Structure formats: structure tokens, C-alpha cells
Amino acid sequence: MGEVVLKLKGVCKEFPGVKALDGVDLEVREGEVMALLGENGAGKSTLMKCLTGVYQRDAGSIQFKGKEINYTNARQAQDDGISIIHQELNLIPKMKVYENIFLGRELKNKMGKIDIKQMYNKTAEMLKSMNVDLKPDQKICELSVAQQQMVEIAKALLLDTKVIVMDEPTDALTDSEVVSLFKIINDLRDRKKAVVYISHRLEEIFEICDRATILRDGAFIGEKKVSELTYDELISMMVGRKLENQFPYEAMKPGKTVLSVKNLSNDYVHDISFDVKAGEVLGVAGLVGAGRTELAKTLYGVFHYDKGTVELDGQQIHPKNPSDAIRNGIYYMTEDRKGDGLVLIMNVKENISLSSSDKITSSGHINEKKDREYAEDYVKKMRIKTPSVFQKTRNLSGGNQQKVILAKAMMSDPKVLILDEPTRGIDVGAKKEIYLLINELRRQGKAVIMISSEMPEILGMSDRIMILHEGQKKGELSREEATQEKIMDKILS
Ligand SMILES: Nc1ncnc2c1ncn2[C@@H]1O[C@H](COP(=O)(O)OP(=O)(O)OP(=O)(O)O)[C@@H](O)[C@H]1O
């Protein structure tokens, strides 16, 4: 085993009303991938922010290469050899790959002039050594998220980084991109780098990580070799209890047809027809680029359509914009939580009731008591981790922000609820809570459309599955007949 490069001991961090970290230890060796695991709000991101100087720790020690460190910003940490690759990548879209890599650290020639050729060549060499097929002068905005991640990793390697922290790196990647990322991570291990890997996809932990450190409610729970852990043990350490029946699907008899879409076509989807009944979950499966989100946004009035019809409860509708769709009874829960899901500077209560002002308004005035009660009820039901409903949503952990978006969707009480990647970034325990809420929605007679890239989730929670590929419908499968193979066969047919 390699030398210990990074050693965090007893790290504590408190925010008003929240003890985010309470004596956390983490030890990472060179040439290993250490998983950092825990439920939403367990403190993983806060720990990494304390490490890289974004936050100052209240107590505890952090040693890097044997020396106590106290960075005051992420740049210092990066210069010293600790890089963090965030979910929201930090590259400048209009600039080229090599310009981003050397931004603020431009190489100069003997005359003191910026040496473009040298920066270009070094970038090309590094990308080649990583087997990444990219040109140094491509613009970042032309690259996929996966390619941008590769640029971030190339940058870290060119800076001779020792520790690379990856925060949910596979969240926005396709399956084949995940395979390439894992190849690169194995390569980082061979290069004797230390990797800290944060993910809620537990199968990845077993595939790519050597050891795992588990946090719960800001406390250090334990550290184990992955080869000595079972899936169930890992979950119990994270959640603090056994978690049985991950997909609590209940068979229910669907009611009458609520939504009926016929021959819908626009720039994104072609000739799509389907129905959803009351109390039914229609899963929508497909690869990235299948047109799933575009179909949802068309029904939600974000994209217009010129051909086809949409009927709700037997009445033809034509949503012109999202408010029109909501008025008609269609609600779309976005996959993009930071983009259009939440107003981050508003508090939890304000976000939850944002699309449902009618429920909390009487004679033109907001009923503050009612508003608060609704929000508190959702916070309790969905176990949203927040000191109160008055906390700004930007201070919530990623997974808890996602729960607020779902609460907002539920409060708007639609007839048709479209959930786009409802459990992305959500921990195993909270995933199950969301599935239980989906059951609740079915019992209330809602028609649910669930778009998901997680095949087990689609298979585990849908009554029927519609398969899309490149904007076209490739077929439907009932719950009984659907398997992963059959879905893939239809996609590729
Ligand atoms: N700036 C802040 N102000 C107040 N509270 C905060 C702040 N940052 C984080 N917290 C709180 O600290 C706790 C830990 O959050 P953190 O983001 O570290 O969790 P996480 O384990 O990364 O979760 P996730 O898996 O959902 O990303 C949460 O309760 C969160 O709401």
C-alpha cells in the first residue's frame, strides 16, 4: 500500500443551526481510490470544502504530505497539489482547452512572452497519454460534460496534482462515458495519485474504489476496505438501519386515461403517441439524446409543437408556456435543479409554495401560517435535512435541494406529474422515500411519467415503460415483460 498523503483528523464545522461535521477523519494513500460516502447532507461536500480552503474548519487537523495545512481558497489548494472536480465544472466555455488548462499559469518563453506552442504541445501530450481524443484548441463549449471532465483531469495532472477529489463525477455521463472515466481513474491509480471519490451510485464504489470512508449526520462512522464490505453492510453504515425492498412497488388498478398524446411532432420528437392513466407510472427509458426531456418540455409548454394533439381528461389542450401547463394540470419536475428547479436565494418554504400560490392565498393575501404548515409537513414527510423551513435553499446539500423540488411539484397538485431523473444525486435511503411518495401519488390518482437513466429504477417502479430513441418511440413494454435486455433491444432496433 502507498504512503498516506492526506490525513484529516477530528474535523469539525458548524453553520448556524447545523453541525455539518463533528469530528471527521479521512486518510488517503497514494495510488488508491477512497470512496467518501454518506446520505444527503451527511457532510461530504463540506468536508471537501474544508480541505480545499473554501470553508475554514472550526477544529481538527488536516495534514497533506506530512504538513499541517490551512488553505484560504481553492486556488492555494490546487497550487499545492489538491484538485477538486465539481459537478458544476469550472471551465470557461468560450476558451480553448489549452487556454483553460493554463489559465492564470500561462507558460512563457525565454523572452517572457506567452508561449502558445508550448502550452498546446503539453496539453496534446497529456491528452494523448490519457488516451483522450480531443484537440487542445477545441472550445470548451463544443465539448460534452464527459469531455470537460477529462479536461479538468488533464489540468490536474499537468499541475502535478497529488490528490484529486471527484464529486459525483458520473452524474451526467452516459454508460460508455463512465467506462472511459473509470479507465482514466485506473490510470490515475497507476500514476500514484490519490483519488477521493464521492458518489451515490453504490455499484460504482464496488467497481472502482479500494477503501471507503462513511459519514452519517456529520459524524465519522467508519473506514473499510471495499473488498471486505457487502452492499447491505455499506447501506447500514450509511443509513444507520437495514434497508429492505429498495423498490416498494405496489400493484394498483389504474383508473381512466388522464393524458392522451397523439402523433406529437416538433424539432425534437417525431410522431409520438401514448396514454397515461390515473394511478399509473409510465417509465420513459432511452439513452442520452433520446428526446425524453424534450418530450417532457413539449408537454410542459417550453417547446412548441406544430403537429399532433394532447388531451387531458378528454379535453384537448395546447400548453403555450409552463404556467399554462400548470393551470391545465401538467407539472414537470426538472432534472436541472440549479438551472430552473429552484430559486437558491429563496428559503425552503418559499420554494415549495412557488407554483401553488393559490393554495396559500385567501382574499388576495398569503396566509403565512398555512404556507409554513404546508412546507413543514413536506419537510417532515420527505425528511428534508434543514434546520427550519426558513433556511435558504442554497445552503442545503444537493440531494436535499432535489427533495425541495419534488415537494414543490407535489404541492402544485397536478393531474399529470412528469418526473425527470427524480433521484439523481439522491442517497439510497432517500431514494426509497421518493419511491414511497410516488406510490402515494398513484393512490391519489395522479398520472405519473417518470424519465430515468437508472434502469433498475425504471424496471422497479413503472407500470409500463415507453422506449424512446433519437426522438422516436421505439415501443412499449408492460411491467411484467420488461427486462433491461428487452429495453436495450428496442432502443437498438
Ligand atoms: N453554507 C452553508 N450554510 C448552512 N448550512 C450548510 C452550508 N453548507 C452546507 N450546509 C449544511 O451542512 C450539512 C452537510 O451538507 P453537505 O453539502 O456537506 O452534504 P453532502 O454529504 O455533500 O450531501 P449530498 O449528498 O446531498 O451532496 C447539510 O445539512 C447542509 O444543509
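In this predicted model, strands S11 and S14 are paired in the antiparallel sense, with 5 bridges between them. Within that pairing, Leu-259 stands opposite Leu-312 in S14. The two strands belong to an open sheet of 4 strands, whose order is S12-S11-S14-S15 and whose pairing is antiparallel. Strand S12 (272–277) and strand S15 (315–317) stand at the edges of this sheet with a single partner strand each, so one side of each is left without a neighbour in the sheet. From one strand to the next, the twist averages 20°.

The other pairings of this sheet can be followed outward from S11 and S14. Strand S11 (residues 257–265) is joined to S12 by 5 bridges, and the two run antiparallel; here Val-261 stands opposite Phe-274 in S12. On the other side, strand S14 (residues 307–312) pairs with S15 in the antiparallel sense over 3 bridges. Two opposed pairs can be named for S14 and S15: Val-310 stands opposite Ile-317 in S15, and Leu-312 stands opposite Gln-315 in S15. Leu-312 therefore appears in two pairings, facing Leu-259 and Gln-315, as judged from the bridges by which strands are taken to pair.

Two hairpins are found among these strands, and each has an aspartate with a positive phi, as the table sets out.

| Hairpin | Residues between the strands | Residue with positive phi |
|---|---|---|
| S11 and S12 | 6 residues | Asp-271, about 55° |
| S14 and S15 | 2 residues | Asp-313, near 50° |

A further sheet is built from 6 strands, again open, in the order S6-S7-S8-S3-S9-S10, but here the pairing is mixed. Its edges are strand S6 (82–85) and strand S10 (219–225), each of which has a single partner strand, so one side of each is left without a neighbour in the sheet. The twist of this sheet averages 20° from one strand to the next. Within the sheet, strand S3 (residues 32–37) and strand S8 (residues 194–198) run parallel and are joined by 5 bridges, and the bridge partner of Glu-32 in S8 is Ala-194. Helix H8 (residues 231–239) packs on the sheet, where it touches S3, strand S9 (211–216) and S10, and the direction of H8 makes about 35° with that of S9.

Turning to helix packing, helix H5 (residues 145–158) and helix H6 (residues 175–190) pack at an angle of about 10°, and their axes lie 10 Å apart. H5 and H6 are therefore roughly parallel to each other, since angles under 35 degrees count as roughly parallel. On the H5 side the contact is made by Ala-146, Gln-149, Met-150 and Ile-153, and on the H6 side by Glu-177, Ser-180, Leu-181 and Ile-184. Sorted by class, this contact of H5 with H6 has 5 nonpolar, 2 polar and 1 charged residues.

At the level of the whole chain, the division is into domain 1 (4–239) and domain 2 (257–492). The centres of domain 1 and domain 2, taken over C-alpha atoms, are separated by 32 Å. Where the domains meet, 15 residues of domain 1 are in contact with 16 residues of domain 2. On the side of domain 1 that touches domain 2, H8 gives the most, with 3 residues; H8 is also the helix that packs on the sheet against S3, S9 and S10. By class, that side of domain 1 has 6 nonpolar, 6 polar and 3 charged residues.

The ligand is the last feature to consider. It is surrounded by 18 residues, of which Phe-15, Asn-40, Ser-45, Ser-397 and Gly-399 are the closest. The elements giving two or more residues to the shell around the ligand are strand S2 (18–29), helix H1 (44–51) and helix H15 (398–411). Both domains take part, for the shell draws at least three residues from each of domain 1 (4–239) and domain 2 (257–492). In composition, the residues of the shell around the ligand divide into 5 nonpolar, 11 polar and 2 charged.

Notes:
Residues are numbered from 1 along each chain as its sequence is written. This is a predicted model: local features need pLDDT of at least 70, side-chain atom pairs count only at pLDDT 80 or more; totals for chains, interfaces and linings use all residues. Axes are lines fitted to C-alpha atoms, for helices over the stretch in contact, and angles run from 0 to 180 degrees between N-to-C directions. Two residues are in contact if their C-beta atoms, placed from the backbone, lie within 7 Å. A residue is near a molecule or strand if its C-beta atom, placed from the backbone, lies within 6 Å of it. Ala, Val, Leu, Ile, Met, Phe, Trp, Tyr, Cys and Pro count as nonpolar, Asp, Glu, Lys and Arg as charged, and the others, Gly among them, as polar. Domain bounds come from an automatic or database domain assignment. Angles under 35 degrees count as roughly parallel, over 145 as roughly antiparallel, 65 to 115 as roughly perpendicular and the rest as oblique.
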